[in-house]
Amino acid sequence: MYAIAGASGQLGQLVLAGLIEKVGADKVVALVRTPAKLADAAAMGVNVRAFDYDAVDPAALAGVKRLLLISANEVGKRGPQHQAVIDAAKAAGVGLIAYTSILHAPTSTIGLAEEHRETEAALAVSGVPHILLRNGWYHENYTGSLGPSIEHGAIIGAAGAGRICSASRADYAAAAVAALVDGGAGDIHELAGDEAFTMAEFAAHVARIAGKPVAYVDMSQADYAAALEGAGLPGWLAAMLANSSVASSQGALFDDGHALSRLIGRSTTPIADAIAAALA
């Protein structure tokens, strides 16, 4: 029996679909805060169970042999939330946990990496066999708000000439399915796209596909954070995005090991394809 914690999220739903296809709905447990969100999956035969990262009940993991722990989305709370899931999995006798961490977690300069390091450490001392899926950035992080960039003719950031190896959310979901079903305890996957690009190259792709002039404008970390906040983002989120952008200028989102394409058995989605899909 395979379970997905966070199965109703954007990544979780893709993993759920892939897992159903690979092992069958009757062998899948979907763990979600609001089971009604996955009524369609339940109708297919998926065992949908209530599961709250803030109040984890080990009973929800009864019969589960392999668990995918998708990192929670509440920055600042993820350490204790993940610890609670790990403790519950151990109490329930789960045989293996696969965890969605961050690329190069032990050395990453991205601020978000700290909670991932905390979770990796918790897994290490838990005694529960585990797999680390160290995910790089999603293409969707860059393609999700192209409209205003095209309108203003500029994509802003603090990434300098840093090379980025992002991949699609679907690519990472396919990797999670493969690791959960066929992976072995102790596996560590540094997952990133096959293609490296700078933000200037990304902007050039956008301009070509949109048929309008779009250029990349590099800024200081402070100026980028201020611009994001001025566009309506909360201060903490603007600061987090600016930190991540600067870290990418230092290589935090680059990896040329091609572990992701090997794990999923195909090339990762080209960034130009993701841009075209977003603008379609």
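**Reading strands, salt bridges and rings**

Biologist: Here's my starting point: Ala-3 has Leu-67 of strand 4 as its bridge partner. Which strand pairs with strand 4, and over how many bridges?

Modeller: Before that, a word on the model: it is predicted, with local features needing pLDDT of at least 70 and side-chain atom pairs pLDDT 80 or more, while totals for chains, interfaces and linings use all residues. Residues are numbered from 1 along each chain as its sequence is written, and side-chain values use heavy atoms, leaving out hydrogens and water. Now the idea: strands (E, at least two residues) and helices (H or I, at least four) are DSSP runs numbered from the N terminus, and two strands pair if DSSP finds at least two bridges between them. Here, strand 1 pairs with strand 4 in the parallel sense, over four bridges.

Biologist: And how does strand 1 run relative to strand 2, parallel or antiparallel?

Modeller: Parallel, and four bridges join them. Look for Tyr-2, which stands opposite Val-28 in strand 2. On its way from strand 1 to strand 2, the chain passes through helix 1 (residues 10–23), and this β-α-β crossover is right-handed. That word means the path from the first strand over the helix to the second runs clockwise when the strands point away from the viewer.

Biologist: Okay, which way do the residues of strand 1 point, and are they buried or exposed?

Modeller: Buried means under 20% relative accessible area, exposed means over 50%, and partly exposed is in between, using a 1.4 Å probe and protein chains only. In strand 1 (residues 2–5), Tyr-2 and Ile-4 point one way, Ala-3 and Ala-5 point the other way, and all are buried.

Biologist: Next, salt bridges. How many are there in the whole structure?

Modeller: You look for a side-chain nitrogen of Lys or Arg within 4 Å of a carboxyl oxygen of Asp or Glu. The search finds 11 of them. Take Asp-52 and Arg-33, with their closest N and O atoms 3.2 Å apart. Asp-52 sits in the loop between strands 3 and 4, and Arg-33 in the loop between strand 2 and helix 2, so this pair ties together parts 19 residues apart in sequence. Asp-52 is partly exposed, at 27% relative accessibility.

Biologist: What about Glu-120 and Arg-134: how far is N from O in their salt bridge?

Modeller: That one is 2.7 Å, N to O. Glu-120 is in helix 4 and Arg-134 in strand 6 (residues 130–135), 14 residues apart. Both residues are buried. Salt bridges can also share partners: Arg-33, Asp-52, Asp-54, Glu-74 and Lys-77 are joined into one network that way.

Biologist: Last one: how many aromatic pairs are there?

Modeller: A ring pair is described by the distance of the centres and the angle of the planes. Rings of Phe, Tyr and Trp (its six-membered ring) pair if their centres lie within 6.5 Å; planes under 30 degrees apart are stacked, over 60 edge-to-face, and the rest tilted. The count comes to five. One of them is Tyr-138 with Tyr-172, a tilted pair at 5.3 Å centre to centre and 50° between the planes. Tyr-138 is in the loop between strand 6 and helix 5, and Tyr-172 in helix 7 (residues 169–182), 34 residues apart. Tyr-172 counts as buried, at 1% relative accessibility.

Biologist: Which residues do ring pairs link into a cluster?

Modeller: Tyr-142, Phe-197 and Phe-202. Of these, Tyr-142 and Phe-202 are buried.
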